[in-house]
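Reader: Hi! I'm in my first year and still learning to read protein structures. Could you take me slowly through one part of this one?

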Amino acid sequence: MARLFSPRPPPSEELFYETYYSLSQQYPLLLLLLVILLFGLLALLAVAWASGRELASDPGFLTTVLCALGGFSLLLGLASREHRLQRWTRPLSGLVWAALLALGHGFLFTGGAVSAWDQVSFFLFVIFTVYAMLPLGMWDAAAAGLTSSLSHLLVLGLYLGPQPDSRPALLPQLAANAVLFLCGNVAGAYHKALMERALRATFREALSSLHSRQRLDTEKKHQEHLLLSILPAYLAQEMKAEIMARLQAGQGSRPESTNNFHSLYVKRHQGVSVLYADIVGFTRLASECSPKELVLMLNELFGKFDQIAKEHECMRIKILGDCYYCVSGLPLSLPDHAINCVRMGLDMCRAIRKLRAATGVDINMRVGVHSGSVLCGVIGLQKWQYDVWSHDVTLANHMEASGVPGRVHITGATLALLAGAYAVEDAAMEHRDPYLRELGEPTYLVIDPRAEEEDEKSTAGGLLSSLEGPKMRPSLLMTRYLESWGAAKPFAHLNHVESPVSTSTPLPEKALSSFSPQWSLDRSRTPRGLDDELDTGDAKFFQVIEQLNSQKQWKQSKDFNPLTLYFREKEMEKEYRLSALPAFKYYAACTFLVFLSNFIIQMLVTNRPPALTITYSITFLLFFLLLFVCFSEHLTKCVLKGPKMLHWLPTLSVLVATRPGLRVALGTATILLVFAMAVTSLVFLPAAANCPFRAPNVSSVASNLSWELPGSLPLISVPYSMHCCVLGSLSCSLFLHTSFELKLLLLLLWLLASCSLSLHSHAWLSDCLVARLYLGASDSRPGVLKEPKLMGAVSFFIFFFTLLVLARQNEYYCRLDFLWKKKLRQEQEETETMENLTRLLLENVLPAHVAPQFIGQNRRNEDLYHQSYECVCVLFASVPDFKEFYSESSINHEGLECLRLLNEIIADFDELLSKPKFSGVEKIKTICSTYMAATGLNTTSGQDAPQDAEQSCSHLGTMVEFAVALGSKLDVINKHSFNNFRLRVGLNHGPVVAGVIGAQKPQYDIWGNTVNVASRMESTGVLGKIQVTEETAWALQSLGYTCYSRGIIKVKGKGQLCTYFLNTDLTRTGPPSATVG
């Protein structure tokens, strides 16, 4: 029985459950109980009138019934208004119980002589309904049930104790009554425990479902934000479907396709303007910054640029170090795209001028703009970044590279679209780079109309550096000034939504406060009436609770058929009927208790004939066999110690719990067995015989007559057989998950059998008992409730309708519990899918070891993420031949087919990352046909305790193997595409700073001299070779690789450097090679 009581929920849930939910669920049962009582009282009057009794001749009975009708009508009126006064529900239930108890005692002393069997069935009804139909707590119900039992026993004991010895033995009858009442209390408590458990389970599942929905909404918002942080909205849904397909097919794999190509999400857009901007002097400034200052500076600068881009309807594409580029006219065409880009460029230059004027730091902005068409979209499988490609994009890049610091450099195509909005001047020929010189087209510098005004203001305003003092570092001056811009932090939106990993199910605080013991909620205001007072979460909470209201079973529902309660979905109905039922064994055990009580009662009130004993012995054997089958799993240890041929016995319990057909058959057989044994004593009484107490002169010898029929059972067994029939009917309600239609069939069978026995075949026994009871009296016809056969029939019908109401309610609760469990499972699965989707999306922006910093239960996100590392190996691998391969013509759909091949190259490179040996390789980004990756980022920060140099840089070997694998992948693509692309790789290792910047499109990146030199190693390298710096060559040699010197080369920004080529034809060797140095 202990398992029937689930652990108590947290106090807040308990408060709400006790003050609202349990009352609202049992409220309809209270109304139905009062209706059954009123109809039962009216039926009593009708039976009394139909049987020819003069109602006026029994004023006590008539007065009791009429008073009861008035009292219960009043209580029904109060109860019907109780939905507005819920705090009085329990006191009203106490009044109903007190009225029932008074009515029972009133019936005891009206209508004829008082007997020990009088009103036993009615008091059993009171006891059972206190548990099953009144909204009382378990302890309150137990107190009411035991009080009802003791009041009947004490009143009859005190009243009948002094009666003459001519009456039947009182003690056995009182003992039988006590057994019957005890069984009624246990059965009622068991039924209530089952219902409480079902109610609590459904309540918790509803709250869990509500929380799951909130988590699901949160995850949808998270993934929507994350998806939009990577892609424009017009590509987001298409890419989301791709990720969902990958989740279903298994992480790291891609869905089956009808061709051998990876999916390409690239489209062509005409009529756009591309802006490239570079911060001049930032590289020198960054070298003086601490990691935190560098990340903060970049986030503030690019955050400001993002704000400017938003104001001028531009879309930021990507951040490349200190280079920023965006496009206007995407994803929707804009007629003023050229003006938008020029305005944005001028505002960027103004912002940098203000920064320079305020801090005295020597930095500037160089901007280039060109208008034309682009191919835009996403390539590759990992670290998706929205990008643009075309000859026009390349031209815009060169416009920035050959521009003038502090000015916006535009092409003739852009100037034509400005339509005179800005004055321009010709750009000097010496500023042109070879690419522009080869094109031979004139370019222009835009004249900022507000530049002179700002110069006057800046000279009058003074410098921040003069206020802060001459000793402050320029980087610190920059940081302090930039903090005033207040750029949003990356993924700041994730902090304003409830964490998706939380598993608690807190109730809305406003909702809970509405149900304090001092004030109770007006149900008519729920949930609509509280919309003005409660927030959205509270409104959803009440909507969910209203869906659980038991009155909903009679209304149209998308889930249930209101008549049969069948699920509208056939698959769900089938799943419900085939679901396992581990609690079946407890149903059988409690039914055995009813059977045992009937046995004890019949042993107490009969003379225990041998035939009855043998019948019960056989039935006991059947019951023990049933219980053994149901509880066999608990005997596993004992059985396994016995012969092997018996080791299959524990599986019987599992079969019963999981096989619906077997379960229904055993349950039906058990209930029928209890029904049959309840009337067994009547079977041993003759169906028709002459009653000796109806003889003409029997009154003269009355004192010599016994209460037994010659050669038969005592007459007092007749009413107790009917009481046993009523008690046996309770076994039907103990099988909680038995379907309503089966219970209806069984109860109908029970009602017909019981009524036919009491009113037809064995009705003469009731008449004989009445004749013996009223022997010698002038009026030998008692009241309706004093005549056993009529008393039994009325009890049968009242219990029949009561148990039908409970069966319907039980069916609804069971189905509702199943429905919410299924909904909860589905929502949890959907939430899990969404969480995986969010994780994949986040890991498509950030490395796996960085992602938890931005999404998690304890994430506060007060500071920007930054991390410094002492030893990171950076790789740049490019396919320079692709620039020559790329062309734009109608044959290749204006370059789209060229990008399809590039997508294959990058996607194949990305597939290498899923291999275990390359788990330490982190893709940073792609820049056109250049692939950037790094190793050593997922290890402990270099700020911790120093490690052995060889151990700390051991990941360099992984990067070399990755570079070789990239070359092998490219060879395979060449073979299938009939091309001759070759890879040019540059490697360098050393300290870097990693961080996440940008609020609109957060981007993980690494900075530092190590990155810049690695890029130069690639750009100055040789096709088919891996070029490394001298320091990296020595580190690789210590790992067993061979390098040979290339010599001294000129590297932009670094001067003369001695570089080396890695001998990739050789595997690792033991001793270091002498070719280095």
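Reader: I would like a close look at strand E11 (residues 930-935): which strands does E11 pair with, and what lies around that part of the chain?

Author: Happy to help; here is a walk through strand E11 and then some other parts of the chain. Please keep in mind that this is a predicted model. To set the scene, the protein chain holds 35 helices and 16 strands. It has 1077 residues, and buried ones make up 55% of them. If you take the contacts between residues at least 6 apart in sequence, 78% of them join residues at least 24 apart.

Now to your strand. E11 covers residues 930-935 and is mostly covered, with 6 of its 6 residues buried. Follow the side chains and you will see two sets: Thr930, Met932 and Ala934 point one way, while Tyr931, Ala933 and Thr935 point the other way. Both sets are buried.

Which strands pair with E11? One partner is strand E9 (residues 866-878), joined to E11 by 6 bridges and running antiparallel to it. To find this pairing on your screen, look for cysteine 873, which stands opposite threonine 935 in E11. Another partner is strand E10 (residues 921-927), again antiparallel and again with 6 bridges to E11. Here a handy landmark is lysine 925, whose bridge partner in E11 is methionine 932.

E10 and E11 form a hairpin with 2 residues between the strands. Look at cysteine 928 in this hairpin: its phi is positive, near 60°. Why point that out? Most residues other than glycine have a negative phi, and most peptide bonds are trans.

Let's move on to the helices on either side in the sequence numbering. Glutamate 894 sits in the loop between helix H30 (881-885) and H31, and its phi is also positive, near 55°. Is glutamate 894 buried or exposed? With a relative accessible area of 28%, glutamate 894 is partly exposed.

Next comes helix H31 (residues 896-912), which meets helix H33 (residues 956-977): their axes come within 10 Å and cross at roughly 140°. The crossing is right-handed. On the H31 side, the contact is made by Leu901, Glu904, Ile905, Asp908, Phe909, Glu911 and Leu912. H33 answers with Phe962, Ala965, Leu966, Lys969, Leu970, Ile973 and Ser977. Sorted by class, that contact has 9 nonpolar, 1 polar and 4 charged residues.

For practice, try reading another set of strands in the same way. Strand E1 (residues 265-280) pairs with strand E4 (residues 364-378) in the antiparallel sense over 15 bridges, and valine 272 stands opposite glycine 372 in E4. E1 also pairs with strand E3 (residues 323-328), antiparallel over 6 bridges; there, leucine 275 has cysteine 326 as its bridge partner.

The loops after these strands are worth a visit too. Proline 331 lies in the loop between E3 and helix H10 (337-359), and the peptide bond from leucine 330 to proline 331 is cis, with omega near -5°. In the loop between E4 and strand E5 (387-389) you will find lysine 383. Its phi is positive, near 50°, and lysine 383 counts as buried because its relative accessibility is 9%, under the 20% cut-off.

Key:
Residues numbered from 1 in each chain as written. Predicted model: local features only at pLDDT ≥ 70, side-chain atom pairs only at ≥ 80, totals over all residues. Heavy atoms only, no water. Axes fitted to C-alpha atoms, helices over the stretch in contact; angles between N-to-C directions. Helix = DSSP H or I, 4+ residues; strand = E, 2+ residues; numbered from the N terminus. Left-handed = near helix turned anticlockwise from the far one by under 90°. Contact = heavy atoms within 4.5 Å. Nonpolar A, V, L, I, M, F, W, Y, C, P; charged D, E, K, R; others polar. Pairing = 2+ DSSP bridges. Buried < 20%, exposed > 50% of the residue type's maximum accessible area, 1.4 Å probe, protein only.
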